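Here are a few notes to read alongside the model. Have it open and follow the points in order.

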Amino acid sequence: MSDEGATPRELLLECCRRNNTALLAELLAALATPEQVARLLNEATDGVGRYCLHVAAGWGSYEVLDTLLDQEGLEVDPVDRMEADIPLHKAVRFVNGLAEDGWEAGAGLVELLLDAGADPRIRNKAKLKPFELVDPRNTELRSTLQKAEFAMMAGDDVVGRDGEDEQGPTGSASDSE
């Protein structure tokens with residue numbers, strides 16, 4: 001890539017707006033190390049403080065979002081400056097803007113973020129979780145987000161139990177009556 005023209009930050013954000021995977025691949029290949037890639041992805045913001053994941057999710061750029069989420073060191077829950085949204089909030093807003101027959105396809109953005117570890121429990125500046133932004137008629141997406149939130153809360157408990165199991169039985173003497 002030439003030193004003239006758009007900066008890497010500008011190119012990245014344009015890839016996210018236009019779902020341009022070819023330009024994104026070229027941009028990522030031009031960076032020398034995974035650390036440089038992570039730095040660009042985690043620090044590049046647009047004029048209103050949205051990170052690349054916010055832009056990709058807000059524009060419905062599924063393929064670019066998928067590629068970004070595969071990058072080592074990427075922060076999946078950056079908070080934007082304007083609304084304190086995470087990319088999951090933006091994905092829900094994108095789905096809400098689709099016609100009802102597009103909801104199923106749009107839900108793929110939300111599922112992609114959830115699979116990458118996005119936290120559906122995070123509230124934005126308006127104190128809303130992504131679930132609370134979903135169009136009430138979109139029961140499928142509401143269910144997906146509720147299940148993800150429950151899995152994250154239950155997952156914390158499951159991790160604790162696994163650690164106890166590895167160390168042997170624990171508990172009160174009344175368990176061995």
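**Notes on a predicted model**

1. Let's start in a loop: A84 sits between α5 and α6. A84 isn't a glycine, yet its phi is positive, at about 55 degrees. Keep in mind that this is a predicted model, so please read every value below as computed from it.

2. Stay in that loop, which joins α5 (62–69) to α6 (87–96), and you'll also find D77. Is D77 buried or exposed, and what is the nearest side chain of opposite charge? D77 is buried, and it has no salt bridge. The nearest oppositely charged side chain belongs to R121, 7.9 Å away. For a salt bridge, the atoms would have to come within 4 Å.

3. What does the side chain of D77 reach, then? It gets to the backbone nitrogen of D119, at 3.1 Å. D119 also turns up among the contacts of D77 once neighbours within four places in sequence are set aside. The others on that list are I86, P87, G117, A118 and I122.

4. Next, have a look at helix α4, residues 52–59. Six of its eight residues are buried, so "mostly covered" is a fair description, with buried meaning under 20% relative accessible area. The buried ones are C52, L53, H54, V55, A56 and A57. What does the covering? Other helices are included: α1 (8–18), α3 (34–43), α5, α6 and α7 (103–115).

5. Just past the end of α4 comes G60, whose phi is positive too, at about 70 degrees.

6. Now for the nonpolar core. In general, nonpolar side chains in soluble globular proteins tend to be buried together. Here the largest such core holds 42 residues, and L12, L68, V110 and L145 have the most contacts inside it. Helix α7 gives the largest share of this core, with seven residues.

7. L145 is worth a closer look. Which residues does L145 touch, leaving aside its neighbours within four places in sequence? The list runs L88, V92, V110, L114, P120, P130, F131 and V134. One of these, V110, is also among the core residues with the most contacts.

8. Last stop: K127, in the loop between α7 and α8 (130–133). K127 has a positive phi of about 65 degrees, and it isn't a glycine either. Is K127 buried or exposed? K127 counts as exposed because its relative accessibility is 60%, and the cut-off for exposed is over 50%.

Key
Residues are numbered from 1 along each chain as its sequence is written. This is a predicted model: local features need pLDDT of at least 70, side-chain atom pairs count only at pLDDT 80 or more; totals for chains, interfaces and linings use all residues. Side-chain values use heavy atoms; hydrogens and water are left out. Helices (H or I, at least four residues) and strands (E, at least two) are DSSP runs, numbered from the N terminus. Buried means under 20% relative accessible area, exposed over 50%, partly exposed in between (1.4 Å probe, protein chains only). Lys and Arg count as positive and Asp and Glu as negative; His and the chain ends are not counted. A polar contact is a pair of N or O atoms within 3.5 Å; within protein, one must be able to donate a hydrogen and the other to accept it, and residues adjacent in sequence count only if both atoms are side-chain atoms. Contact means heavy atoms within 4.5 Å. A nonpolar core is a set of buried Ala, Val, Leu, Ile, Met, Phe, Trp, Tyr and Cys residues joined through side-chain atoms within 4.5 Å.
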